[in-house]
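Let us walk through this model from the overall fold down to single side chains. Keep the sequence and the coordinates side by side.

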Amino acid sequence: QFESDLGDGRIMRWDAKEPPVVGRETTLRFTIHEPDGSLSKLEAYMGMLGHMAIRRDDGAVFTHLHPAGNLSVAAQQVFQIRAGDKPPRRITPEMMEKLCQPPNADMPQQPLAFPYEFPKAGRYRLWVQVKLNGVVRTAVFDTVVGESAGLAAN
């Protein structure tokens, strides 16, 4: 687990259960915490609850992501439910009606989950942006992406 200081005592944690490797679809999961350790309440920023940029150190890879891809906030929230620790077996019409509203305190917001597949091995920097109390905060993480079995070095 990696942490990035967001200021004012807030931190973002990257829950990296194993090192990323080339060619393996993964979900990059992040949680944002208040100074007391509780989960932060995220606000929509440019229509999404989070944004991520990924860049390989030589510039050969640059990607801009949203949680669950480039989807609406409602679709993002469905993905967040399914990405949680105890996802429901199915999303009911009642759940969808509740989700198809602007974000509010009753809707699951975390973890922020970004689906991604690293295309090349190497050193990467990840920037994750969220909006908290009207202020956009940016967390920065560095990682090394290794080769997966059976792939040649690039």
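Strands here are DSSP runs of E, at least two residues long, numbered from the N terminus. By that rule Arg-137 is found in strand S8, which spans residues 135-145. The model is predicted. Keep strand S8 in mind; two of its residues return below.

First, the whole chain. The secondary structure comes to two helices and eight strands. Read from the N terminus, the elements run β-β-β-β-β-α-α-β-β-β. The protein chain has 154 residues, and 42% of them count as buried. Its exposed surface is about 8,500 Å². Carbon and sulfur atoms supply 51% of that area. Now take the contacts with a separation of 6 or more. Residues 24 or more positions apart account for 62% of these.

Back to Arg-137. Is this residue buried or exposed? The cut-off for buried is under 20% relative accessible area. Arg-137 has 12%, so it is buried. What does its side chain meet? The side chain of Arg-137 makes a polar contact with the side chain of Asp-8, at 2.8 Å. Asp-8 also appears among the contacts of Arg-137 beyond four places in sequence. That list includes Leu-6, Gly-7 and Arg-10 as well. It further holds Val-128, Gln-129, Val-130 and Leu-132.

Thr-143 lies in strand S8 too. Its relative accessible area is 11%. That is under the 20% cut-off, so Thr-143 is buried. Which residues does Thr-143 touch, not counting those up to four places away in sequence? They are Trp-14, Pro-20, Gly-122, Arg-123, Tyr-124 and Leu-126. Two of these names, Trp-14 and Tyr-124, lead on to the aromatic rings.

A pair of aromatic rings is described by the distance of the centres and the angle of the planes. Ring centres must lie within 6.5 Å to pair. By this rule the count comes to seven aromatic pairs. One of them joins Tyr-116 and Phe-118, edge-to-face, with 4.9 Å centre to centre and 90° between the planes. Both residues, Tyr-116 and Phe-118, are buried. Phe-118 also pairs with Tyr-124. Their centres are 4.9 Å apart and their planes stand at 70°, so this pair is edge-to-face. The angle is over 60 degrees, as that label requires. Tyr-124 is buried, as is Phe-118.

Trp-14 belongs to an aromatic cluster. Phe-2, Phe-30, Phe-114 and Phe-141 form that cluster with Trp-14.

Methods:
Residues are numbered from 1 along each chain as its sequence is written. This is a predicted model: local features need pLDDT of at least 70, side-chain atom pairs count only at pLDDT 80 or more; totals for chains, interfaces and linings use all residues. Side-chain values use heavy atoms; hydrogens and water are left out. Helices (H or I, at least four residues) and strands (E, at least two) are DSSP runs, numbered from the N terminus. Buried means under 20% relative accessible area, exposed over 50%, partly exposed in between (1.4 Å probe, protein chains only). A polar contact is a pair of N or O atoms within 3.5 Å; within protein, one must be able to donate a hydrogen and the other to accept it, and residues adjacent in sequence count only if both atoms are side-chain atoms. Contact means heavy atoms within 4.5 Å. Rings of Phe, Tyr and Trp (its six-membered ring) pair if their centres lie within 6.5 Å; planes under 30 degrees apart count as stacked, over 60 as edge-to-face and the rest as tilted. Accessible areas come from the Shrake-Rupley method with a 1.4 Å probe; for residues, only the protein chains shown count as cover.
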